[in-house]
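Grab a pencil and open your viewer. Here are some exercises to work through, each followed by a solution you can check yourself against.

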Amino acid sequence: MRSITTLDIQYAHRFYGFRGEAQYLHGHTGVLTIEVEDTIEAGVNMVFPCNEIQKTAWNVLKNFDHALILREDDPLLPAILSVYEAQGIKDGAPNNKMKGEAFSTELATAYPNCRMVVTKETMTVEGMIKIVYELLKDKLNIAKLTFTSGVNAASQSYEPIDSVDRCPLCGIALNENGVCPKCGYKK
Ligand SMILES: [Zn+2]
Ligand SMILES: [Zn+2]
């Protein structure tokens, strides 16, 4: 069975080099749906607690929220960084607190201090799914990702990995020693 959760991500981007309105800087509220597949853990009668899926995903994905997402070859990138630098906000600001864990993958690098994510490919809904899967595939047993942004939507299904041992008391994944990191239950 699947546990399904959604997250809202507000971001700005543009499609550099695209012949359409989307070549201009603009913003969206994107909705990411994450489907996690496994057996039902009998103790809690759940596949996985949805708030825990959200917490795990948000820890990384909050880097995309209230962020500017630009492709690595977009000339707006150095232009914006120089403005941020002149303003003294490139390396952080006291009220920039909602920062995620910095990451760098083949497809995207997060710069939480200036709320930017630099991508290798254009950040379409399809591109976002590739980026998100790479970031979360080792943390969650993902069966499907769906990303919608305005009228655009894309989804991709994945072959879930083998079943994960979960705590019969709170449903979250046990660590490598078979201990629940939340309540201390031991298998
Ligand atoms: Zn757009
Ligand atoms: Zn537990």
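The exercises below go from the overall fold down to single residues, and the model they use is a predicted one.

**Exercise 1. Take stock of the chain: how many helices and strands does it have, and in what order do they run?**

Step 1: count the elements. The secondary structure of the protein chain comes to 3 helices and 7 strands.

Step 2: read them off from the N terminus. You should get β-β-α-β-α-β-β-α-β-β.

Step 3: put a box around the C-alpha atoms. Along the principal axes it is roughly 55 × 35 × 25 Å.

Step 4: check burial and contacts. Of the 187 residues in the protein chain, 28% are buried. Take the contacts between residues at least 6 apart in sequence, and 55% of them join residues at least 24 apart.

**Exercise 2. Work out the strand order of the sheet, and say which strands sit at its edges.**

Step 1: walk across the sheet. The 7 strands line up as S4-S5-S3-S1-S2-S6-S7, in an open sheet with mixed pairing.

Step 2: look for strands that pair on one side only. Those are S4 and S7 (152-157), the edge strands.

Step 3: get a feel for the twist. Ignoring direction, neighbouring strands are turned by 25 degrees against each other on average.

Step 4: go through some of the pairs.

- S4 and S5 (residues 116-119) run antiparallel and are joined by 4 bridges; Tyr111 has Met116 in S5 as its bridge partner.
- S1 (residues 2-13) and S2 are antiparallel too, with 12 bridges; Asp8 stands opposite Val31 in S2.
- S2 and S6 pair antiparallel over 7 bridges. Ile34 is matched with Leu145 in S6, and Thr33 with Thr146 in S6.
- S6 and S7 pair antiparallel over 6 bridges, one bridge being that of Lys144 with Ser157 in S7.

Step 5: look at how S6 gets to S7. The two form a hairpin with 2 residues between them, and Gly150 in the turn has a positive phi of about 60 degrees.

While you're tracing strands, remember that side chains in a regular strand alternate between the two faces of the sheet.

**Exercise 3. Compare H2 and H3: what is the length of each, and is each one buried or in the open?**

Step 1: do the length check for H2. Its 12 residues, at 1.5 Å a residue, should span 16 Å, and the end C-alpha atoms are 16 Å apart, so the two values agree.

Step 2: repeat for H3. Here too 12 residues should span 16 Å, and the ends are 16 Å apart, which agrees.

Step 3: count buried residues in H2. The number is 0 out of 12, so H2 lies largely in the open. Just after H2 comes Gly88, with a positive phi near 75 degrees.

Step 4: do the burial check on H3. Gly127, Met128, Lys130, Ile131, Val132, Leu135 and Leu136 are buried. Their cover includes S2, H1 (50-61), S4, S5 and S6.

Step 5: see how H3 (residues 125-136) sits on the sheet. H3 packs on it, touching S2 (26-37), S4, S5, S6 (142-149) and S7, and the direction of H3 makes about 145 degrees with that of S6.

**Exercise 4. Find the residues that touch the most other members of the largest nonpolar core.**

Step 1: collect the core. There are 30 residues in it, and Ile34, Val36 and Ile69 touch the most other members.

Step 2: ask who supplies it. S1, S2, H1, S3 (67-71), S4, S5, H3 and S6 each give at least two residues. H3 has the largest share, with 5 residues.

Step 3: zoom in on Ile69. Skipping neighbours within four places in sequence, Ile69 is in contact with Tyr11, His13, Phe64, Val117, Thr119 and Met123.

**Exercise 5. Place Met98: where in the chain is it, and why does it count as partly exposed?**

Step 1: find the segment. Met98 is in the loop between H2 (76-87) and S4 (108-111).

Step 2: count neighbours. Met98 has 13 C-beta neighbours inside 10 Å. Buried needs 20 or more and exposed needs 12 or fewer, so Met98 counts as partly exposed.

Step 3: list the contacts. Leaving out residues up to four places away in sequence, Met98 touches Lys62 and Asp65.

Step 4: check one distance. Met98 and Asn113 are 15 residues apart in sequence, and their C-alpha atoms are 9.7 Å apart in space.

Note on methods. Residues are numbered from 1 along each chain as its sequence is written. Chains are lettered from A and ligands numbered from 1 in the order in which they are written. This is a predicted model: local features need pLDDT of at least 70, side-chain atom pairs count only at pLDDT 80 or more; totals for chains, interfaces and linings use all residues. Two residues are in contact if their C-beta atoms, placed from the backbone, lie within 7 Å. Two strands pair if DSSP finds at least two bridges between them. Axes are lines fitted to C-alpha atoms, for helices over the stretch in contact, and angles run from 0 to 180 degrees between N-to-C directions. The expected span of a helix is 1.5 Å times one less than its number of residues. A nonpolar core is a set of buried Ala, Val, Leu, Ile, Met, Phe, Trp, Tyr and Cys residues joined through C-beta atoms within 7 Å.
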